[in-house]
Amino acid sequence: MPSSPCPENTAPWWTFGHVWLVIAGPACVIVASFATLWLALARPDPVVAEDYYRQGIEINKTLQATPKSLVPAIQGRNHALTPVPPPPQQH
């Protein structure tokens, strides 16, 4: 008589450690995805401000204004980039 493929004295599947090792990876991913979903819904991060146009205009004004304290440094930088001497300063 041939032996049966399933021995009678096998333990249930949940008693094997390797099974839990295989289940643990996807289970951690599922828990982490729900935690991320909760964080995203609880604390939304606005991508665009309500007054984005006004902020852009203010940034452009700030970038166009050159502080007087940086004028010598900018002239030196420009002189280093181009071999033309800087224009004479007017006082």
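Q: How many salt bridges does the count come to?
A: The count comes to 2 salt bridges, a salt bridge being a side-chain nitrogen of Lys or Arg within 4 Å of a carboxyl oxygen of Asp or Glu. The model is predicted: local features need pLDDT of at least 70, side-chain atom pairs count only at pLDDT 80 or more, and totals for chains, interfaces and linings use all residues. Residues are numbered from 1 along each chain as its sequence is written, and side-chain values use heavy atoms, with hydrogens and water left out.

Q: Which residue forms a salt bridge with aspartate 51?
A: Arginine 54, with the closest N and O atoms 2.5 Å apart.

Q: Is aspartate 51 buried or exposed?
A: Aspartate 51 is partly exposed at 30% relative accessibility. Arginine 54 is also partly exposed, at 46%. Buried means under 20% relative accessible area, exposed over 50%, and partly exposed in between (1.4 Å probe, protein chains only).

Q: And which residue does lysine 61 form a salt bridge with?
A: Glutamate 58, where the closest N and O atoms are 4.0 Å apart. Both residues lie in helix α2, 3 residues apart, about one turn of the helix. Glutamate 58 counts as partly exposed at 37% relative accessibility.

Q: Switching to the fold: how many helices and strands are there in the protein chain?
A: There are 3 helices and 0 strands, in the pattern α-α-α along the sequence. Helices (H or I, at least four residues) and strands (E, at least two) are DSSP runs, numbered from the N terminus.

Q: How many of the residues count as buried?
A: Of the 91 residues, 0% count as buried.

Q: Which residues make the nonpolar surface patch?
A: Val47, Val48, Tyr52, Tyr53 and Ile57 make a patch of about 610 Å². Patches are made of residues with over 30% relative accessible area and no salt bridge; like charges are joined within 9 Å, nonpolar side chains (Val, Leu, Ile, Met, Phe, Trp, Tyr) within 5 Å. Valine 48 sits in the loop between α1 (17-42) and α2 (52-64), and counts as exposed at 53% relative accessibility.

Q: Aromatics next. How many aromatic pairs does the structure hold?
A: The structure holds 2 aromatic pairs. Ring centres of Phe, Tyr and Trp (its six-membered ring) must lie within 6.5 Å; planes under 30 degrees apart count as stacked, over 60 as edge-to-face and the rest as tilted.

Q: Why is the pair of tryptophan 13 and tryptophan 14 edge-to-face?
A: Because their planes are at 85 degrees, with the ring centres 5.9 Å apart. Tryptophan 13 and tryptophan 20 form a tilted pair, 5.8 Å centre to centre with 35 degrees between the planes. Ring pairs link Trp13, Trp14 and Trp20 into a cluster.

Conventions: Areas by Shrake-Rupley, 256 points an atom, 1.4 Å probe, with all protein chains shown as cover.
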